[in-house]
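Here is a short set of exercises to work through with the structure open beside you. Try each task before reading its solution.

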Amino acid sequence: MKILITESNGFSSKAITVLRNQFEVKTVNVKSKQELIEMISDFEVLFVRLGFSIDKEIIQKAKKLKYILTATTGLDHIDAIYFESIGGKVISLKNQTAFLGTIPSTAEHTWALLLSLMKKIPSSYHHVKNGEWNRNLFINSNLKEKKIGILGLGRVGKQVAKFARVFDMEVGFFDTVAIKSNFKKFETPEELFKWADIVSIHIPYTVENKNFVNKELLSHFKRHSVLINTSRGGIWDEKEVAILIENGMLNGVATDVLKNELDQDSIAVNPLVLLANQNYNVIITPHIAGATKESMAMTEEFIVKIFLKELI
């Protein structure tokens, strides 16, 4: 069996060694869709990260492809429905709840974004880099006693909620799944948005959750709230979020994800990127919440274990 690892920089050496003990493994750093199409025809397994989308066109060129491996929970970078319809199998971290509970990186990044946004760290840092020193421009807010709403109290949501408790914040949540928790539970997302000073999004990207945070839900925010998204760009309506920032309803937004983030041309015209370039209180990172050395190695090695069990 021939395996192609498409983004091998920093890839777990342990995972590669385990695979090479049993298979022919090629490690590359694919730069473009066309480059991948030109090399993919002989491989039965693809191990991908988040560098580009594995769409129908790519899959159709991979005549021998049986498995796509991805050390991610979300699958919006893979046309999994089409691939599985022609007999392929996607192996991912989806529903691997027990294992994912040991991975802290997304929750840590969420908290880094929240602190950076609330404490105005990026803008004050650039202010000093420009040779200025006016603290009055960057008066900010405490987290203590603020109300944080967790939209989706799953694995990451629970980790973020625990961080919030350490900072003496009030924690509320909404989830479609019945969850036993000591945190304040809301029966609808609208009630959560009305209550919260800060909302952090931690729901999975599914067909049902596409644009879940839409104009109607956003209209329930109280003035000067803050919104954090480390889920997926398809979860919210970015244009409506941008409008709330422009009109002063939202004090700030921090996100690790964008819609169409794999389309380089769309990033420059993304409404949130445009606002960030106009010095609104918007922080955007390039989908790096899970990209810690430790977490990436752990997840890649775990996917290899699942894959080998699949072959038994």
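**Exercise 1. A helix on the sheet**

Task: In this predicted model, find which strands α11 lies across, and at what angle α11 runs to β11.

Solution. Start with the helix: α11 lies across β10, β11 and β12. Next, compare directions: α11 runs at about 140° to β11. For a second helix, look at α6, which packs on the sheet and touches β6, β9, β10, β11 and β12. The direction of α6 makes about 150° with that of β10.

**Exercise 2. The order of the strands**

Task: Work out the order of the seven strands in the open sheet, and say which strands stand at the edges.

Solution. Step one is to trace the order, which is β8-β7-β6-β9-β10-β11-β12, with parallel pairing. Step two is to find the edges: β8 (184-185) and β12 (282-284) each have a single partner strand, so one side of each is left without a neighbour in the sheet.

Step three is to follow the bridges through the middle of that order. Four bridges join β6 to β9, and I150 has S200 of β9 as its bridge partner. β9 and β10 also pair in the parallel sense over four bridges; here S200 is partnered by I228 in β10. Moving on, β10 (residues 225-229) pairs with β11 over five bridges, and N229 stands opposite T255 in β11.

Finally, check the side chains of β9. I198 and S200 point one way, V199 and I201 point the other way, and all are buried.

**Exercise 3. A serine in a strand**

Task: Decide whether S225 is buried or exposed, and find which backbone oxygen lies 2.6 Å from a polar atom of its side chain.

Solution. First, place the residue: S225 lies in strand β10. Its relative accessible area is 1%, and the cut-off for buried is under 20%, so S225 counts as buried. Then look for the polar partner, which is the backbone oxygen of K222. Leaving aside neighbours within four places in sequence, S225 is in contact with A196, D197, M249, L250, N251 and G252.

**Exercise 4. Two nonpolar cores**

Task: Identify which residues touch the most other members of the largest nonpolar core, and which element supplies the largest share of this core.

Solution. The largest core has 29 residues, and L151, V213, L227 and V241 touch the most other members. Elements that each supply at least two residues include α9 (189-195), β9, α10 (215-218), β11 (250-255) and α13 (271-277). The largest share, four residues, comes from α11.

Now zoom in on V241. Beyond its neighbours within four places in sequence, V241 is in contact with L218, L227, W236, L250, V253 and L272. A second, separate core has 24 residues, among them V160, A161, F173 and I179.

**Exercise 5. The surroundings of α8**

Task: Find which residues of α8 are buried and what covers them.

Solution. Begin with the geometry: α8 (residues 155-166) has twelve residues and reaches 18 Å from its first C-alpha to its last, close to the 16 Å expected. Its buried residues are V156, G157, Q159, V160, A161 and A164. Their cover includes α5 (97-100), α6 (105-118), β6 (147-151), β7 (170-174) and β9 (198-201). To finish, step just past the helix, where D168 takes a positive phi of about 60°.

Key:
Residues numbered from 1 in each chain as written. Predicted model: local features only at pLDDT ≥ 70, side-chain atom pairs only at ≥ 80, totals over all residues. Heavy atoms only, no water. Expected span 1.5 Å × (residues − 1). Buried < 20%, exposed > 50% of the residue type's maximum accessible area, 1.4 Å probe, protein only. Contact = heavy atoms within 4.5 Å. Core = buried A, V, L, I, M, F, W, Y, C linked by side-chain atoms within 4.5 Å. Pairing = 2+ DSSP bridges. Axes fitted to C-alpha atoms, helices over the stretch in contact; angles between N-to-C directions. Polar contact = N/O pair within 3.5 Å; in protein donor to acceptor, adjacent residues only side chain to side chain.
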